[in-house]
Amino acid sequence: MTKPNYSGTYHMVEQENVDAYLTGLDVNVALRKIVCMLKPTKEIIHDPETGAMKINTITTFKNFSMDFNIGKEFTEDLRIVDGRTCQTTVDWDGDKLVCVQRGEKEGRGWTHWLEGDKLHLEMRVQGVAAKQVFKKAE
């Protein structure tokens, strides 16, 4: 089965429960308020042949880049987010990309999937889930 190509630029159009998710990561209240007001853009470069992927999250506050190969564990530097590093693996579950982040926080990770021109992101930590939806730029 051919896996989808996630390449593209996506602009956030909706989000829910992000404050609770950030609380689960011990992010302070001031930073949580700022993050919840941001409207990030995701730029994804994905090579389905090799499994190489780069996800750039761009905001007016801070930018974050994640560069990895699907199915291969790597050390992820999340100090820009919550001051931690973790061992991360992103792999396929059908057409969805599922990320498991092993470290100080239980049940941490995310899932990305495509529905038409929308990129969905569910972020999880310690039983709390937040969701963001991004629309592909034309």
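This is a short tour of a predicted model, with selections to make in the viewer at each stop.

**Stop 1: the cavity**

Start with the whole structure, where a search finds 1 cavity of 30 Å³ or more. Its volume is about 700 Å³. To find the centre, select Lys 42, Thr 57, Phe 64, Val 81 and Met 123, which lie nearest to that point among the 29 residues of the lining.

Which elements give two or more residues to this lining? Colour helix H1 (18–24) and helix H2, then strand S3 (52–58), strand S4 (64–69) and strand S5 (74–78). Add helix H3 (79–82), strand S8 (109–115) and strand S9 (118–125) to complete the set. H1 gives the most, with 3 residues. Coloured by residue type, the lining shows 18 nonpolar, 7 polar and 4 charged residues.

**Stop 2: a nonpolar patch on the surface**

Next select Ile 34, Met 37 and Phe 61, and show the surface. These residues make a nonpolar patch of about 290 Å². Ile 34 belongs to helix H2, which covers residues 29–37; H2 is also one of the elements that line the cavity of the previous stop. Is Ile 34 buried or exposed? Ile 34 counts as partly exposed, because its relative accessibility is 31% and the partly exposed class lies between 20% and 50%.

**Stop 3: salt bridges**

Side chains of opposite charge can pair when their charged atoms come close. The structure holds 5 salt bridges, and three of them are worth selecting here.

Begin with Glu 73 and Arg 102, whose side chains meet in a salt bridge with an N to O distance of 2.3 Å. This pair joins distant parts of the chain, 29 residues apart: Glu 73 sits in the loop between S4 and S5, and Arg 102 in strand S7 (residues 96–102). Glu 73 is partly exposed, with a relative accessible area of 44%. Arg 102 is also partly exposed, at 47% relative accessibility.

Then select Lys 135 and Asp 117. Their closest N and O atoms are 2.4 Å apart, in a second salt bridge. Here too the pair links distant parts of the chain, with the two positions 18 residues apart: Lys 135 is in strand S10 (residues 128–136) and Asp 117 in the loop between S8 and S9. Lys 135 is partly exposed at 31% relative accessibility, and Asp 117 is partly exposed with a relative accessible area of 36%.

For the third, select Glu 122 and Arg 124. The N to O distance in this salt bridge is 3.0 Å. Glu 122 has a relative accessible area of 27% and is partly exposed; Arg 124, at 22%, is partly exposed as well.

**Stop 4: two backbone positions in loops**

Finish with the backbone. Select Asn 17, in the loop between strand S1 (8–16) and H1. What is the sign of phi at Asn 17? Phi is positive there, about 65°, although Asn 17 is not a glycine. Asn 17 is partly exposed, with a relative accessible area of 42%.

Move along to Asp 26, in the loop between H1 and H2. Asp 26 is not a glycine either, and has a positive phi of about 65°.

Methods
Residues numbered from 1 in each chain as written. Predicted model: local features only at pLDDT ≥ 70, side-chain atom pairs only at ≥ 80, totals over all residues. Heavy atoms only, no water. Patch = residues over 30% accessible without salt bridge, like charges linked within 9 Å, V, L, I, M, F, W, Y side chains within 5 Å. Areas by Shrake-Rupley, 256 points an atom, 1.4 Å probe, with all protein chains shown as cover. Salt bridge = Lys/Arg side-chain N within 4 Å of Asp/Glu carboxyl O. Helix = DSSP H or I, 4+ residues; strand = E, 2+ residues; numbered from the N terminus. Buried < 20%, exposed > 50% of the residue type's maximum accessible area, 1.4 Å probe, protein only. 1 Å grid on protein atoms, 1.4 Å probe; cavity = no way out; pocket = protein on both sides within 12 Å on 5 of 7 lines; lining within 4 Å. Points joined across faces, edges and corners; volume = space filled by probe spheres on them. Nonpolar A, V, L, I, M, F, W, Y, C, P; charged D, E, K, R; others polar.
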